[in-house]
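These are my notebook entries on one structure. I set down what I looked up and what I found.

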Amino acid sequence: MADQTPQTAPGKPSLWNDPKKRGMLIQALVLTIIFAFFAYIFHNTLNNYAQRGISTGFGFLNNSAGFGIAQTLIPYTESDTYWRVFWVGLLNTLLAAGLGIITATILGFIIGVARLSKNWLVSTLATVYIEIFRNIPVLLQIIFFYSLLLKVLPSVKNSISIGDLVFFNNRGAFIPQPLPEAGFNWTIWAFLLAVIAVIALRKIAKSIQEQTGKQWPVFWMSFALLVLVPSATFLMTGSPLGWEIPEQGKFNLKGGLRIIPELIVLWVALSIYTAAFIAEIVRSGIQSVSHGQTEAASALGLSHSQTLKLVVIPQAMRVIIPQLTSQYLNLTKNTSLATAIAYPDLVSVFAGTSLNQTGQAIEIIFMTMMFYLSVSLAISIFMNWYNDKMALVER
Amino acid sequence: MKTKLLATAGAVMTAVVLMSNSAFAGSTLDAVKKKGFIQCGINSGVPGFSSANDKGEWTGLDVDFCKAVAAAVFGDTTKVKYTSLTAKERFTALQSGEIDLLSRNTTWTFTRDTNQGLSFAGVNYYDGQGFMVNNGVKSAKELDGASVCIQSGTTTELNLSDYFRANSMKYEPITYDKVEETIKGFEEGRCDVLTSDQSQLYSLRLQLKEPDKAIVLPEVISKEPLGPSVRQGDEDWFKIVRWSLNAMIEAEDLGLTSANIDEKKASADPSVKRFIGAEEGVGGQGLKLSNDWAYQIVKQVGNYGESFERNVGKDSPLKIARGLNALWSKGGIMYAPPIR
């Protein structure tokens, strides 16, 4: 056995033969290529911009915008900057999205439950509603409602008025505007105090119920707290609130609080459209809860409403919430259709007028896209958190 | 609109990609000759300036200018392809190389000429922003508190706001994206007054259900010199476009029309001879074109006056008076440097 060759210790495999390292190497390579590709495009764009004498960067945001906006939630004048325009547009978008989400959810739940109703008429009406509104493109619906509103509502001179306090015409809805006077702060503080009291009350009531099984009439107690405490304070401080009532001006109604028709149309159209989808989600959620659960609840002696509140809806929510999230995202993104009817949202005032005045297309579109991305992510995060809260706790 | 946002985003993306290409591309003239046609950016529908007729052919003052450049380059007015653009898309389309020439009632301003990578070649229509009302108002000074319909994506918003601020009047701006919506808003009474360039107001008025009820107010609140523009940095192409415009105006000055230019070929008038390229030394070589470039423009498109009257003037439904757009010798300010 003299010719026995010495066994070489198994050396480290080469970089290429180690699957783990090879994987990392390839990933690093791909990342570098992607990065280099984008760096190239970015560099080239800047280069070409410079060559063609187009200014770049976000410096333009400090320039004065110089144009007017019909609806502003924060103070804005023509001499304010494009940065301010961005915020004005952003808040207008959020206002339309927020209002839309609230009404779409309420309307959607009602129609979804109605669709499951045993009453033939109610369930058929709900079905017809859903099939009509979710099958027509939302842009058409918006334009249709806008034309309808302008046609149906009278001109300023012939405004419909309710007791000379509230007015409707094709320039919008006009309602009296509350003007707080000195001392009104007390009422606000009283209301906040009442809210805190209600939260505490619910906690106490819950722990008492868990310990002794006794139930408090929490709803009525909360209601009394929220209504009586602030109104008592209001009266005690001498009703410090005035009202500004809309009156006829030369071209338009003056004073009061005004809701522009574009906002009304956008709000109504998006709510109606999205509600049709939410209704289907709610229906599928409720149907996903097996009938055995309802029977078990009846066997335990729960009433019909208790069964719904304590057994069916909590389980249905698990199915509903994730799908609801994507509907909220859709609604938020659909607000950008507002440009079609002159609602001054972000796309209209910033990615529209501002873009055209400054010519900074890439910067402005980038900022606008980032805004929609952040809002969508924020809604997702919130809904995921809510979903975790509502999910079944495995014990 | 979402589609609009997508379109704009798409245009931006295209711009990014195309810019990385066109950095290596040669001159516009070579590229145009190679592909055999001029890609011309026009408005999607302003009667008189650029609109499609019932046969689907584009006509109008701006369209005529596209044809004039094609006549100068190819001697053939059919060698144009049109891209109809919204106000928002137009500059990106030009910057990115999607079009070779922008002839879309665009106002020549300082910012546009200096910051946006384009060069204006001249003015083919002197316009100004005005107001149209249908409620008996006689002067723009009476418009305090009015709601104003605006078509978005122009210098209009800025001029409007400047005018109302300067006269310390209040207004409510209602900014629409599309002409059709703007007209509807005005007709249905969403606003008291519609503002745009006066030339556009005249053509919008024709689209109203009751054109006679609406009047264009006398006030002109801005200078709007409308003209064709090209990408910055291509001097040869820029000069072709500039001189095509000059040739149209100069032809009117010399009394050359599409009808009489063939007779005038025999003329002994040296300025006419220079114009049609019969005189040695003043041909098309400076523009890298054939000697009869100016002759082709007038022969196939006509002079500026012919184009004006045919599209927006007395031979058109718009019936806009020449006004500022008359020749310098006839009380207007249309003036071209001599061709010599």
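The entries below go from each chain to its strands, then to the core and the interface.

**Entry 1: the model.** I began with the origin of the coordinates, and I note that this is a predicted model.

**Entry 2: chain A as a whole.** I looked up the secondary structure of chain A and found 11 helices and 8 strands. I then asked how its radius of gyration stands against the globule rule. The radius of gyration of chain A is 30 Å, whereas the rule gives 21 Å for 395 residues; chain A is therefore more spread out than a compact globule. I also recorded the box filled by its C-alpha atoms, which is roughly 115 × 75 × 50 Å along the principal axes. Buried residues account for 29% of the 395 residues in chain A. Of the contacts in chain A between residues at least 6 apart in sequence, 66% join residues at least 24 apart.

**Entry 3: chain B as a whole.** I repeated the search for chain B, where I found 13 helices and 14 strands. What radius of gyration does chain B have, and what would a compact globule of 340 residues have? Chain B has 21 Å, and this agrees with the value near 20 Å expected for a compact globule of that length. The C-alpha atoms of chain B fill a box of roughly 65 × 50 × 40 Å, again taken along the principal axes. In chain B, 52% of the 340 residues are buried. I noted the contacts of chain B with a separation of 6 or more: residues 24 or more positions apart account for 72% of them.

**Entry 4: a sheet in chain A.** I followed the strands of chain A next. Four of them form an open sheet in the order β1-β2-β3-β8, with antiparallel pairing. I asked why one side of β1 and of β8 is left without a neighbour in the sheet. Both strands of chain A stand at the edges, and each has a single partner strand, so one side of each stays free of a neighbour. The twist from one strand to the next averages 15°.

I then went through the pairs inside this sheet. Strand β2 (residues 166-169) and strand β3 (residues 172-175) of chain A pair in the antiparallel sense over 3 bridges. I found A:Asn169 opposite A:Gly172 of β3(A). With 2 residues between them, β2(A) and β3(A) form a hairpin. On to β8: strand β8 (residues 257-259) of chain A is joined to β3(A) by 3 bridges, and the two run antiparallel. Here A:Ile175 stands opposite A:Leu257.

**Entry 5: strand β1 of chain B.** Is this strand mostly covered or mostly uncovered? Strand β1 (residues 38-43) of chain B is mostly covered, as 5 of its 6 residues are buried. I looked up its partners. β1(B) pairs with strand β4 (residues 80-85) of chain B in the parallel sense over 6 bridges, and B:Gln39 stands opposite B:Lys81 in β4(B). β1(B) is also joined to strand β5 (residues 101-102) of chain B by 2 bridges, in a parallel run. In that pair, B:Gly41 has B:Leu102 as its bridge partner.

**Entry 6: the largest nonpolar core.** As background, I wrote down that nonpolar side chains tend to be buried together in soluble globular proteins. The largest nonpolar core of this model has 154 residues. I asked which members touch the most other members. They are A:Leu266, A:Ile341, B:Cys66, B:Val69 and B:Ile297. Helix α7 (residues 261-288) of chain A supplies the largest share of this core, with 16 residues. I then examined B:Ile297; leaving out residues up to four places away in sequence, it touches B:Ala68, B:Ala71, B:Ala72, B:Ser244, B:Ala247 and B:Met248.

**Entry 7: where the chains meet.** How many residues of each chain are in contact with the other chain? I found 45 residues of chain A in contact with 47 residues of chain B. On the side of chain A that touches chain B, the elements giving two or more residues are α1 (19-51), α4 (138-152), α10 (346-358) and α11 (361-390) of chain A. α10(A) gives the most, with 8 residues. I closed with the classes on this side of chain A: 18 nonpolar, 22 polar and 5 charged residues.

How values were computed: Residues numbered from 1 in each chain as written. Chains lettered and ligands numbered in written order. Predicted model: local features only at pLDDT ≥ 70, side-chain atom pairs only at ≥ 80, totals over all residues. Core = buried A, V, L, I, M, F, W, Y, C linked by C-beta atoms within 7 Å. Buried ≥ 20, exposed ≤ 12 C-beta atoms within 10 Å, placed from the backbone. Helix = DSSP H or I, 4+ residues; strand = E, 2+ residues; numbered from the N terminus. Contact = placed C-beta atoms within 7 Å. Rg over C-alpha atoms; globule rule 2.2 N^0.38 Å. Pairing = 2+ DSSP bridges. Axes fitted to C-alpha atoms, helices over the stretch in contact; angles between N-to-C directions. Nonpolar A, V, L, I, M, F, W, Y, C, P; charged D, E, K, R; others polar.
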